[in-house]
Amino acid sequence: MKFVLLTDDSDLVAAASAGFHPSDSFETHADAGAALEACAGADLLFVDLLATLDEPHKIAGYERFAEQKMGHEVAKDVPVVLIAPPDDYELDFMAGWPDFVFAHIRRPVTEKIFRRASTWV
């Protein structure tokens, strides 16, 4: 299995690194473009919503990422597992597209959650 994680959060990277099976392939990127390119052959793309924001608390960055992902030749068919911001993090609003998000996980995200998520495909 191959998993890609888009985040700039070192705690998420550590949890994912410990959570995926050693025989799985796992890449992490802080840049959305690099993460989308890395989706060749990927089974799941984990997206830290906070890593997609251009401005704190403004959802527009996530919307741009979503449009980029849906139009990306390599990444468009890879299921997204969205990692929510902390419960007390306010966003100006939240929009969605049918079937864009395969799964939605809440913080805190532990290695156990990544291990469980790897069984979804």
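**Exercise 1. The packing of helix α4**

Determine which elements are included in what covers the buried residues of α4.

*Solution.*
Step 1. In this predicted model, the cover over the buried residues of α4 includes the strands β1, β3, β4 and β5. The helices α2 and α3 (49-52) are also included in that cover.
Step 2. The residues concerned are Gly 61, Tyr 62, Phe 65, Ala 66 and Lys 69, which are buried in α4. Around the axis they span an arc of only 140°, so they stand on the same side of α4.
Step 3. As for placement, α4 comprises residues 60-70 and lies across β1, β3, β4 and β5. Its direction makes an angle of about 165° with β3.

**Exercise 2. The sheet**

State the order of the strands in the open sheet, and explain why one side of β2 and of β5 is left without a neighbour.

*Solution.*
Step 1. The five strands of the open sheet follow the order β2-β1-β3-β4-β5, and their pairing is parallel.
Step 2. The edge positions belong to β2 (25-29) and β5 (101-105). Each of these two strands has a single partner, so one of its sides has no neighbour in the sheet.
Step 3. From one strand to the next, the twist averages 20°.
Step 4. The pairing can be followed through β4. Strands β3 and β4 run parallel and are joined by four bridges, and Leu 45 stands opposite Val 80 of β4. Strand β4, residues 80-83, also pairs in the parallel sense with β5 over four bridges. Here Ile 83 has Ile 105 in β5 as its bridge partner.
Step 5. The side chains of β4 point to two covered faces: Val 80 and Leu 82 are buried on one side, and Val 81 and Ile 83 are buried on the other.

**Exercise 3. The buried face of helix α1**

Establish which residues of α1 are buried, and how they are arranged about the helix axis.

*Solution.*
Step 1. The buried residues in α1 are Leu 12, Ala 15, Ala 16 and Gly 19.
Step 2. In a view down the axis of α1 these residues fall within an arc of 95°, so they line one face of the helix.
Step 3. The cover over them includes β1, β2, β3, β4 and α5 (111-117).
Step 4. Helix α1 (residues 10-19) lies across β1 (2-6), β2, β3 (44-48) and β4, and runs at about 175° to β2.
Step 5. The N-terminal end of α1 is capped by Asp 9, which places a side-chain oxygen 2.8 Å from the backbone nitrogen of Asp 11.

**Exercise 4. Asp 48, Asp 43 and His 72**

Classify Asp 48, Asp 43 and His 72 as buried, partly exposed or exposed, and describe the surroundings of each.

*Solution.*
Step 1. Asp 48 lies in strand β3. Its relative accessibility is 1%, so Asp 48 is classed as buried, the limit being under 20%.
Step 2. A polar contact of 2.7 Å links the side chain of Asp 48 to that of Thr 7. Beyond neighbours within four places in sequence, the residues in contact with Asp 48 include Leu 6, Asp 8, Asp 9, Leu 12, Ile 83 and Arg 107.
Step 3. Asp 43 is found in the loop between α2 (32-37) and β3. With a relative accessible area of 26%, Asp 43 is partly exposed.
Step 4. Outside four places in sequence, Asp 43 contacts Met 1, Lys 2, Phe 3, Val 78, Pro 79 and Val 121. Asp 43 and Trp 120 are 77 residues apart in sequence, whereas their C-alpha atoms are 9.5 Å apart in space.
Step 5. His 72 belongs to the loop between α4 and β4. Its relative accessible area is 14%, and His 72 is therefore buried. Not counting residues up to four places away in sequence, His 72 touches Leu 36 and Glu 37.

**Exercise 5. Aromatic residues**

Report how many aromatic pairs a search of the whole structure finds, and which residues form one aromatic cluster.

*Solution.*
Step 1. The search yields eight aromatic pairs.
Step 2. One aromatic cluster is formed by Phe 3, Phe 20, Phe 26, Phe 46 and Phe 114.

Note on methods:
Residues numbered from 1 in each chain as written. Predicted model: local features only at pLDDT ≥ 70, side-chain atom pairs only at ≥ 80, totals over all residues. Heavy atoms only, no water. Phe/Tyr/Trp six-rings, centres within 6.5 Å; stacked < 30°, edge-to-face > 60°. Pairing = 2+ DSSP bridges. Axes fitted to C-alpha atoms, helices over the stretch in contact; angles between N-to-C directions. Contact = heavy atoms within 4.5 Å. Buried < 20%, exposed > 50% of the residue type's maximum accessible area, 1.4 Å probe, protein only. Polar contact = N/O pair within 3.5 Å; in protein donor to acceptor, adjacent residues only side chain to side chain. Arc of directions from axis to C-beta.
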